[in-house]
Amino acid sequence: MNRTSWLALPAALLLAGGLSAQRYITVTTEHTCLAFRVTDKQALEQIYFGGRLADAKELERAALPGSSAYTAFGGEHTFEAALRVVQGDGNTSTELRYAASRTESKGDGVVQTVISLRDAHYALEVDLCYTAYQAEDVIEQRVEVRNRQPESITLHNFASADLSFSAPAYYVTQFHGNWADEMNLREQRLTPGIKVIDSKLGVRSHQFAHPCFLLSLGQPAREDEGEVVGATLAWPGSFQLCFEVDPTNLLRVLAGANPYASSYALAAGESFQTPALLYSYSREGAGAISRRFHRWARRYGLKNGSGERYVLLNNWEATYFDFDEEKLTKIIDDAAKMGFELFLLDDGWFGNKHPRNSDSAGLGDWQTNAKKLPRGLPYLISECKKRGLKFGIWVEPEMVNPQSELYEQHPDWIITQPHRELSLSRNQLLLDLSNPAVQEFVYKAIDNILAGNPGIDYVKWDCNRYVTNGGSQHLPPEKQSHLWVDNARAVLGVMEKVSAKYPQVCFMACSGGGGRLDYGSLKFFSEYWISDNGDPLQRIFTQWGGGYFFPAVGMASHVSASPAHISGRSTPLKFRFDVAMSAKLGMDLQPAQLSAADYAFSKNAIATYKEIRPVVLYGDLYRLLSPYEGNRTALMYVSEDRLSAVLFSFLVRKEVYGNRQALLLKGLQPDKRYRLKEINRESGGWSRFAEYEGKSFSGEYLMTVGLRFAMYNEYESVVVQLQREE
Ligand code: DGJ
């Protein structure tokens with residue numbers, strides 16, 4: 001029997017196991033397999049997660065002792081529980097038994113398996129749902145819990161996945177940071193006991209920690225070899241990743257919405273859906289994990305993931321709140337002449353009674369400010385269209401300034417605790433989206449802007465604070481702990497509704513930078529703003545970290561002023577462009593403030609970017625030299641058909657004697673020849689790359705001998721285009 005039919009016929013999975021008949025279930029992708037066994041006592045165990053075998057039936061010999069596929073609190077389990085339920089009669093235990101499983105093809109390379117479990121006594125149903133993306137080797141897991149008891153039950157833990165591993169050692173890489181310093185990597189060997197990475201922020205939940213991780217089995221994660229699992233939770237709310245190494249050195253990983261202060265009651269007949277955990281297993285190191293997630297994201301994970309992207313000019317750092325129609329029209333005119341494709345109007349365009357002239361007023365009042373923009377958005381849109389530019393607009397629809405008409409009318413719509421002082425951050429409060437009236441308001445706010453101003457092509461959806469003082473004025477006292485889950489679900493609900501109504505509009509997920517970056521939200525967004533920090537040195541690190549799970553096609557990266565507004569660092573314009581061109585290029589500068597030479601360079605760079613854009617945005621990412629390991633860092637993109645590639649190399653600190661580190665390229669066809677050309681050079685400037693310029697080499701040479709050209713100066717960069725010769 002071939003593997004596919006073995007997978008597709010769960011009814012035929014009763015294998016004579018020698019001692020007793022046992023049932024095996026597998027979830028497979030092209031290269032990986034997650035396997036389960038149903039024990040004699042009808043418990044479901046995970047017996048394997050790794051590379052796919054030619055003969056899956058051999059897996060009946062595999063065993064990860066005691067590794068429940070979804071650990072419920074109670075019985076003999078003594079470790080952290082994936083599921084903890086207080087039953088209708090107060091019993092605090094759950095005993096899950098296998099009930100059924102089914103596997104069906106969803107078409108387009110997607111196969112879904114649902115394994116149904118039931119409590120041995122109580123009318124409690126738990127479905128483990130796996131969606132396996134065959135070609136991308138990504139598995140998406142979510143869980144549904146249904147209460148069929150006549151009484152209400154309470155969920156205290158509700159993980160999306162519970163994965164077991166057995167290896168001599170475990171290394172976890174986490175992604176952490178803060179505003180303007182996002183997505184730093186840190187790897188650590190797990191010790192016995194529990195390591196938790198979590199967020200309790202509710203909204204803008206990823207400001208300090210991201211719900212993604214790499215788990216390397218046996219040794220620290222390597223780029224191109226070794227067993228690595230990558231996972232990311234598709235959830236904009238609070239989350240928890242829990243790694244528990246037990247006394248037998250078995251590792252269990254629980255991931256899901258954070259159960260902290262979030263117990264959730266389910267009335268009779270109600271069900272609870274966890275967010276999805278997306279994960280992938282690789283035997284070829286972390287690089288393969290990233291490329292799989294990127295391909296998956298372009299195909300399934302991002303709105304319009306493989307569609308067009310536009311080089312945009314954003315007026316935020318160019319003007320902040322200080323603009324009017326005349327100033328903007330001039331910027332629009334300059335933008336069109338420089339080759340930009342879209343103008344994005346940022347914060348400050350709305351509010352009349354409380355004009356939005358700073359971050360202290362107007363948030364919530366989504367009417368165009370008549371003083372700054374007397375002819376309204378339609379005028380700016382038409383000025384853009386006249387010049388062949390698309391038009392984008394900024395919103396922050398989940399928030400309100402106390403100084404706003406919205407707050408004057410609806411003080412009961414904000415998240416706060418009774419009898420406590422209002423807790424402000426950036427002078428603003430959060431709207432309570434657990435309230436359906438607020439959901440409708442937020443939806444309508446965006447809908448009115450888009451429907452009332454035809455021609456808007458792009459929306460930057462911002463979100464500049466997290467939850468403190470977390471109470472709902474809408475939820476009843478006994479459901480206050482639902483706020484964390486309900487608010488995140490409601491945000492996703494509104495995003496979905498808006499995105500569905502405006503399928504052609506490109507939405508950018510922004511949360512003061514990377515404070516909201518997850519595949520739950522990104523389904524409705526085509527781009528994400530990874531950091532407010534426009535300092536290219538910082539961006540090298542942030543983009544490096546973000547690129548582990550999130551693709552360049554969505555990673556908006558802008559050229560900003562020098563010295564950078566946040567860090568004060570001065571860097572050459574070419575360096576700023578080269579860093580931004582290694583993702584999705586944009587600019588946050590007023591063209592009029594550029595010198596003639598810088599203007600000419602920028603215009604040229606934009607034109608060059610348009611040429612390499614398909615490779616950068618839709619190609620495979622290969623990381624060559626990590627910025628964490630030396631002064632020189634390099635990465636490259638290779639088109640899926642291997643016909644073209646672009647190489648980026650940066651020197652982040654001066655090297656008096658030169659850095660001659662070899663760049664061993666990756667992802668090329670060894671038996672084909674590639675011609676090299678340095679691009680984005682300064683006019684009349686010398687080239688570090690002269691000895692290679694215009695020459696062609698075999699892919700084999702480039703990947704085994706590599707390129708060796710010295711770089712000396714701090715913030716020096718070289719970009720090379722590779723074209724395959726037939
Ligand atoms: C935070 C964003 O990240 C910035 O790009 C800008 O849009 C400001 N908010 C506007 O308030």
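The questions and answers below concern a predicted model and move from its ligand site to its core, one helix and several single residues.

Q: Which residues come nearest to the ligand?
A: The ligand of this predicted model is surrounded by 13 residues. By class, this shell has four nonpolar, three polar and six charged residues. Those that come nearest are Asp346, Asp347, Lys460, Asp462 and Asp532.

Q: How many Å lie between a polar side-chain atom of Asp462 and a nitrogen atom of the ligand?
A: Polar side-chain atoms approach the ligand from several residues: Asp346 places one 2.7 Å from an oxygen atom of the ligand, and an N or O atom in the side chain of Trp529 is 3.4 Å from a ligand oxygen atom. For Asp462 the partner is a nitrogen atom of the ligand, and the distance is 2.6 Å.

Q: What percentage of the area that the ligand exposes when taken alone does the protein bury?
A: The ligand has polar side-chain atoms beside it, including one of Asp346 at 2.7 Å from a ligand oxygen. Taken alone, the ligand exposes 290 Å², and the share of this area that the protein buries is 98%.

Q: Which residues touch the most other members of the largest nonpolar core?
A: In soluble globular proteins, nonpolar side chains tend to be buried together. Here the largest nonpolar core holds 193 residues. Within this core, the two that touch the most other members are Leu345 and Trp349.

Q: Where does the largest nonpolar core lie with respect to the domains, and which helix gives the largest share of it?
A: Residues of this core come from both domain 1 (13-301) and domain 2 (622-725), so the core lies between these two domains. The largest share, ten residues, is contributed by a helix spanning residues 483-501, namely α8.

Q: Why is helix α11 described as largely enclosed, and how many of its residues are buried?
A: Helix α11 covers residues 573-581, and the buried residues include charged ones, among them Lys574, Arg576 and Asp578, as well as Phe575 and Phe577. The helix is largely enclosed by the rest of the structure because the number of its nine residues that are buried is nine.

Q: Which residue offers the backbone oxygen that the side chain of His206 reaches?
A: His206 lies in the loop between β14 (193-199) and β15 (209-217). With a relative accessible area of 0%, His206 is buried. Its side chain reaches, at 3.2 Å, the backbone oxygen of Trp235.

Q: Is the peptide bond from Ser562 to Pro563 cis or trans?
A: Pro563 sits in the loop between β30 (555-559) and α11. The bond that joins Ser562 to Pro563 has omega near 0 degrees, and is therefore cis.

Q: What is the relative accessible area of Asn249, and what is that of Asn304?
A: Asn249, in the loop between β17 (239-245) and β18 (250-257), has a positive phi of about 70 degrees although it is not a glycine. Asn304, in the loop between α2 (285-301) and β22 (312-314), likewise has a positive phi, of about 50 degrees. Both are partly exposed, Asn249 with a relative accessible area of 30% and Asn304 with one of 46%.

Q: How many Å apart in space are Ser199 and Tyr300, C-alpha to C-alpha?
A: Ser199 belongs to strand β14 and counts as buried at 4% relative accessibility, which falls under the 20% cut-off. In sequence Ser199 and Tyr300 are 101 residues apart, and in space their C-alpha atoms are separated by 26 Å.

How values were computed. Residues numbered from 1 in each chain as written. Predicted model: local features only at pLDDT ≥ 70, side-chain atom pairs only at ≥ 80, totals over all residues. Heavy atoms only, no water. Near = heavy atom within 4 Å. Polar contact = N/O pair within 3.5 Å; in protein donor to acceptor, adjacent residues only side chain to side chain. Areas by Shrake-Rupley, 256 points an atom, 1.4 Å probe, with all protein chains shown as cover. Core = buried A, V, L, I, M, F, W, Y, C linked by side-chain atoms within 4.5 Å. Buried < 20%, exposed > 50% of the residue type's maximum accessible area, 1.4 Å probe, protein only. Helix = DSSP H or I, 4+ residues; strand = E, 2+ residues; numbered from the N terminus. Domains from an automatic or database assignment.
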